[in-house]
Amino acid sequence: MTDAELVVRAVAGDAGAFEELVTRHHPACLRFAAHLLGDRIEAEDVVQETLLRAHRSLARYQERHQFRAWLFRILVNRCRTASGRAHARRLRTATELEPSSAVVGDTADTFELRTRLTRAIEELDPLHREAFLLKLGEGLEYDEIARITGASVPALKMRVKRARDHVRARWEELES
Amino acid sequence: MTPRDAWDDEVREAYQRPLAGETEARERAIARLRGEDARRAARSAEWWLDPNALTMRPLVAAACMLVALAIGAFGGARWMASRRPVTAPPAPIAVEGGDRTTVTFVFRAPGATRVCVAGDFNGWDPDATPLTRVATGDTWTARVPLENGLHTYAFVIDGREWTPDPSAPLAPVAAFGRRNSVLVVGEDHVL
């Protein structure tokens, strides 16, 4: 069953249909938020808020053939808000936020890769990091990213290029 | 656009690796959604009893109250109009000669079971001077000998509803805000 069909069922009151949408999209949402925010616990909270908002707004949602893009648009907005909160906390405590996306259960190889990626993107500002993750991480097309973020395609291409150059240099530095 | 190369794939592979505890996180999200659904259902049932269910600015509340009052007043007026005699015959009074003049009161009261006339001429007794229903059903009449001069009076419907005579002029507002009608009886005329 497609996302569009599940959305129609969910709007009609089928709770199971929305849970199926959650099952499909939760991993990508959590992965994106965790990398963007650099905080796994915050990311899980943000994803839950995103899903709650999507559930409440589902009846008003018209673009039923682009559920993933619509969900990510909500997620990006929630991450921006959370990122502002984290920034405020950082200013208050004057300490660095340690990335905590690696949790118990990762293999050593996965832990090493994830840590390297987290370190490589941590110096990017939120807008560059957001564009980089949506393009290189999620593999979305530029017009889809434009709908999600509200930025123009040329601006996004510029952000991705700059972010990619920076991350690549940092990645190689960490590798060595 | 930057061409995609092996490094991009390596980064994407690192990014796409499932996070530890992903399944549990998804189950927590679904549990929260279910909890929210249950809370929403409970809230919708309790909404009608919740004293804080509605919040609005004082200005909006005042406007709503005014609209409600206007609707109430309009409805009340319509209801009163349905109770009031709708087509009172004009000048329902007949005249006879002498110091006293016999006046015929005529009053229409659809749905009434008893109609009386009360005025200064009978000590405002609501039961002293009953009218008689005529054959047409809604019209009530009474012939009452009155001394010449000015009188005030009102009709009493079913012993509790006081109403002025719609075919006669109104007297100034009486005690408790009630309105009465005025009747001037002369030797050969009634005003």
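Reader: Where in chain B is B:Trp124 found?
Author: Let's sort out the landmarks: helices (H or I, at least four residues) and strands (E, at least two) are DSSP runs, numbered from the N terminus. B:Trp124 falls between two such strands of chain B, in the loop between β2 (115-119) and β3 (132-133).

Reader: What is the phi of B:Trp124?
Author: Keep in mind that this is a predicted model, in which local features need pLDDT (the predictor's confidence in each residue, from 0 to 100) of at least 70, side-chain atom pairs count only at pLDDT 80 or more, and totals for chains, interfaces and linings use all residues. Residues are numbered from 1 along each chain as its sequence is written, while chains are lettered from A and ligands numbered from 1 in the order in which they are written. B:Trp124 is not a glycine, yet its phi is positive, at about 55°.

Reader: Is B:Trp124 buried, exposed or partly exposed?
Author: You count neighbours here: a residue is buried if 20 or more other C-beta atoms (placed from the backbone) lie within 10 Å of its own, exposed if 12 or fewer, and partly exposed in between. B:Trp124 has 16 other C-beta atoms within 10 Å, so it counts as partly exposed.

Reader: Which loop of chain B holds B:Asp158?
Author: Here's another residue other than glycine with a positive phi, near 55°. B:Asp158 counts as partly exposed because it has 13 C-beta neighbours inside 10 Å. It is found in the loop between β5 (149-157) and β6 (161-163) of chain B.

Reader: What pattern does chain B follow along the sequence?
Author: Chain B has three helices and seven strands. Read along the sequence, they give the pattern α-α-α-β-β-β-β-β-β-β.

Reader: And how do the elements of chain A run from the N terminus on?
Author: Chain A has eight helices and zero strands. That leaves a run of α-α-α-α-α-α-α-α.

Reader: How much of chain A counts as buried?
Author: Let's take chain B along for the ride: of its 191 residues, 23% count as buried. For chain A, which has 176 residues, the share is 35%.

Reader: Which element gives the most to the side of chain B that touches chain A?
Author: Two residues are in contact if their C-beta atoms, placed from the backbone, lie within 7 Å. By that rule, 22 residues of chain B are in contact with 31 residues of chain A. On the chain B side, α1 (6-16) and α2 (22-46) each supply at least two residues. With nine residues, the top contributor is α2(B).

Reader: Which helix of chain A gives the largest share of the largest nonpolar core?
Author: A nonpolar core is a set of buried Ala, Val, Leu, Ile, Met, Phe, Trp, Tyr and Cys residues joined through C-beta atoms within 7 Å. The largest one has 46 residues, and A:Leu30, A:Ala33 and A:Phe132 are among those with the most contacts inside it. Domain 1 (1-101) and domain 2 (103-176) of chain A (bounds from an automatic or database domain assignment) both give residues to this core, so it lies between them. The largest share, 10 residues, comes from helix α2 (residues 15-37).

Reader: Which residues does A:Val160 contact beyond its neighbours within four places in sequence?
Author: A:Val160 belongs to helix α8 (residues 153-175) of chain A. It is buried because 21 other C-beta atoms lie within 10 Å. Leaving those sequence neighbours aside, its contacts are A:Ala131, A:Phe132 and A:Lys135.

Reader: What arc do the buried residues of helix α7 of chain A cover?
Author: The buried residues of helix α7 (residues 142-149) are A:Ile145, A:Ile148 and A:Thr149. An α-helix has 3.6 residues a turn, so residues three or four places apart point the same way. The arc is that of the directions from the helix axis to the C-beta atoms. The buried residues are on the same side of α7(A) because they cover an arc of only 80°.

Reader: Over which residues of chain A is the pLDDT below 50?
Author: The mean pLDDT of chain A is 83, and 85% of its residues reach 70 or more. Where pLDDT is low, the predicted coordinates should not be read in detail. The stretch below 50 has 24 contacts in the model beyond near neighbours in sequence, and it covers residues 91-104.
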